[in-house]
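Subject: Structure for your review

Hello,

Here is the structure you will be working from. Please open it alongside this message.

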Amino acid sequence: MGYLQQFIFFILVALPFMFISPTHSSLANGNVNILPPTNTSDKVTLALYYESLCPYCADFITNDLVKVFLSDLYTIVNLKLVPWGNADILGDEPHCQHGEDECYLNTIHSCVIYYWPDVKKHFDFIRCTEQQSSKKRLVKNRAAMWKQCSEKLGMSAHRINKCYTSGYGLKLLLQYANETAKLKPPHEYVPWVVVDNQPLKDDFENFVKYVCEAYKGADKPEACKTQATSVSSTHDKMANRIHPGCYASEIANLG
């Protein structure tokens with residue numbers, strides 16, 4: 001009888017541990033792994049390095065990059081937006097190619113990307129502000145460049161403005177400055193488009209083709225099956241000497 005009681009006691013003590021998997025119950029180096037990481041290895045990283053008041057960036061974002069969300073291409077893309085471009089740091093302050101308003105709007109973009117990490121959400125905001133800047137309207141109040149967009153998309157203008165006025169937006173912006181500085185090879189102009197760490201240079205408008213070629217998943221989206229019939233004529237534009245972007249080398253000539 002004593003042996004039976006000891007056996008029952010052992011089973012009761014060991015029973016809870018029999019249903020815990022080693023992956024979820026173990027602690028490695030102080031880190032708790034509650035859920036296995038999501039497998040995103042098949043997705044292609046598409047990165048855009050841009051500045052908010054460059055007309056070529058505005059045109060690319062509003063008319064070309066939007067194709068990611070106008071088709072099923074978004075299903076295979078990890079889209080990254082990096083709002084720094086050709087800016088520089090003088091002392092402790094950013095100095096932007098198109099003046100203080102561009103630094104301001106770059107910072108606003110940085111705040112929105114941070115507080116609304118859903119890429120479709122912050123892309124819609126950025127595209128909205130770029131549509132406004134491309135109209136080249138004179139704006140007396142800098143906040144007017146983005147507040148209409150935040151209201152349209154249901155984003156808190158107070159939260160965005162607080163991010164800017166608190167200085168936190170500047171910290172976010174400087175992170176993008178650091179990320180841009182690490183580009184290899186360095187960017188020559190903006191928009192600068194990179195697919196899986198490979199810069200597309202003058203062929204950036206044909207990013208869909210490069211994304212589809214880089215995708216190694218089993219089933220390619222419909223956008224990849226139809227993209228061959230809609231390749232842009234970037235090389236023709238270059239042959240006709242149409243300026244492809246805002247060059248960093250032009251900063252010294254501004255003003």
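Below are notes on two helices, one strand and a single threonine.

This is a predicted model, in which local features need pLDDT of at least 70 and side-chain atom pairs count only at pLDDT 80 or more, while totals for chains, interfaces and linings use all residues. Residues are numbered from 1 along each chain as its sequence is written, and side-chain values use heavy atoms, with hydrogens and water left out.

Helices and strands are DSSP runs (H or I, at least four residues; E, at least two), numbered from the N terminus. Buried means under 20% relative accessible area, with a 1.4 Å probe and protein chains only.

Strand 3 covers residues 44-50, and 6 of its 7 residues are buried, so the rest of the structure largely encloses it. Strands pair if DSSP finds at least two bridges between them. Strand 3 runs parallel to strand 4 (residues 77-83), with 7 bridges; here Leu-48 is opposite Leu-81. Strand 3 is antiparallel to strand 8 (residues 192-195), with 4 bridges, and Leu-46 has Val-195 as its bridge partner there.

Helix 5 (residues 100-115) is also largely enclosed, because 12 of its 16 residues are buried. Among them are Cys-103, Tyr-104, His-109 and Cys-111.

Thr-62 lies in helix 3 (residues 55-65) and counts as buried because its relative accessibility is 7%. Its side chain comes to 2.7 Å from the backbone oxygen of Ala-58. Beyond neighbours within four places in sequence, Thr-62 is in contact (heavy atoms within 4.5 Å) with Arg-127, Glu-130 and Gln-131.

Regards

Conventions: Buried means under 20% relative accessible area, exposed over 50%, partly exposed in between (1.4 Å probe, protein chains only). A polar contact is a pair of N or O atoms within 3.5 Å; within protein, one must be able to donate a hydrogen and the other to accept it, and residues adjacent in sequence count only if both atoms are side-chain atoms.
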